[in-house]
Amino acid sequence: MKEYTVKEIEALLPELGGEDDPRWEMLRRDERKSVQALLARFVKQKEREKAMRRRWEELMRYERELYAAGIERIAGIDEAGRGPLAGPVVAAAVILPPDAYLPGLDDSKRLTAAKREALFAQIEACAVAVGIGIVSAAEIDERNIYEATKQAMAKAVSALSPPPDYLLVDAMAVPCALPQRRLVKGDANSASIAAASIMAKVTRDRLMKELDRRYPQYGFARHMGYGTPEHLEAIRRYGITPEHRHSFAPVKEAAGVEN
């Protein structure tokens, strides 16, 4: 059997069949270190791909149950920004097609910013529909964060076109008439909710970077409005902006505002 060059082997590997393909044994017996390193990388990549496929199947179990019951358009709902001291709370609703496959999808908190951005584009490209709901800091002060989050979720659902038949929601209940299921840690257990968590997080991060350009002294692009020592010190030094949640105790305390 012919001896392949390393470049030829690199091109050949994706074409190989299973372990019974006779070329596998030929490559395993190849004593060149470069070939063995190439094989090791290839096998490792295949293992990663299998792990991502297994993870995807785990994430799709709730959606598959609903598809089996005849429900077609399932929207996952999640939010970003309940805890920060500044900026809006953002919710996203995502309807994925039944044949979707987004390798690497997971709870947004488990992913790097670069991975979230990459998945954001992939979700936009494959989703049946994406809806975004945004509730400002001023509205959070008027309502309270829990009610504002529910409002953001309802806005996200109403922005979906076509509309969903069923909702899978991360922990909370959306104030609407649609049938829905609340899932504890839904962003780590449902593909639709995980997709929504990424859309909400990336959208909110982009909004906070815009605020950073308007208020550069606060460092919003670094801490996204959370109560870091840097952020609290900036409030003490420069005061409260219209984008701060004035009703949040750490904001009032840092600014020296009495209740």
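Of the 259 residues in the protein, 46% are buried (under 20% relative accessible area with a 1.4 Å probe, protein chains only). The model is a predicted one, so local features need pLDDT of at least 70 and side-chain atom pairs count only at pLDDT 80 or more, while totals for chains, interfaces and linings use all residues. Residues are numbered from 1 along each chain as its sequence is written, and side-chain values use heavy atoms, with hydrogens and water left out.

On the overall build, there are 11 helices and five strands (DSSP runs, H or I of at least four residues for helices and E of at least two for strands, numbered from the N terminus). The C-alpha atoms take up a box of roughly 85 × 50 × 25 Å along the principal axes. Take contacts (heavy atoms within 4.5 Å) with a separation of 6 or more: 62% of them join residues 24 or more positions apart.

Now for the inside. The largest nonpolar core (buried Ala, Val, Leu, Ile, Met, Phe, Trp, Tyr and Cys residues joined through side-chain atoms within 4.5 Å) has 32 residues, and Trp56, Val94 and Leu96 are among those with the most contacts inside it. Elements giving two or more residues to this core include helix H3 (33-59), strand E2 (89-95) and helix H8 (191-214). H8 gives the most, with nine residues. Leaving aside neighbours within four places in sequence, leucine 96 touches Trp56, Tyr67, Ile74, Leu102, Cys126, Val128, Ala191, Ser192 and Ala195. Apart from the largest core lies another, of 23 residues, among them Ala148, Ala152, Val169 and Val174.

Terms used: Buried means under 20% relative accessible area, exposed over 50%, partly exposed in between (1.4 Å probe, protein chains only).
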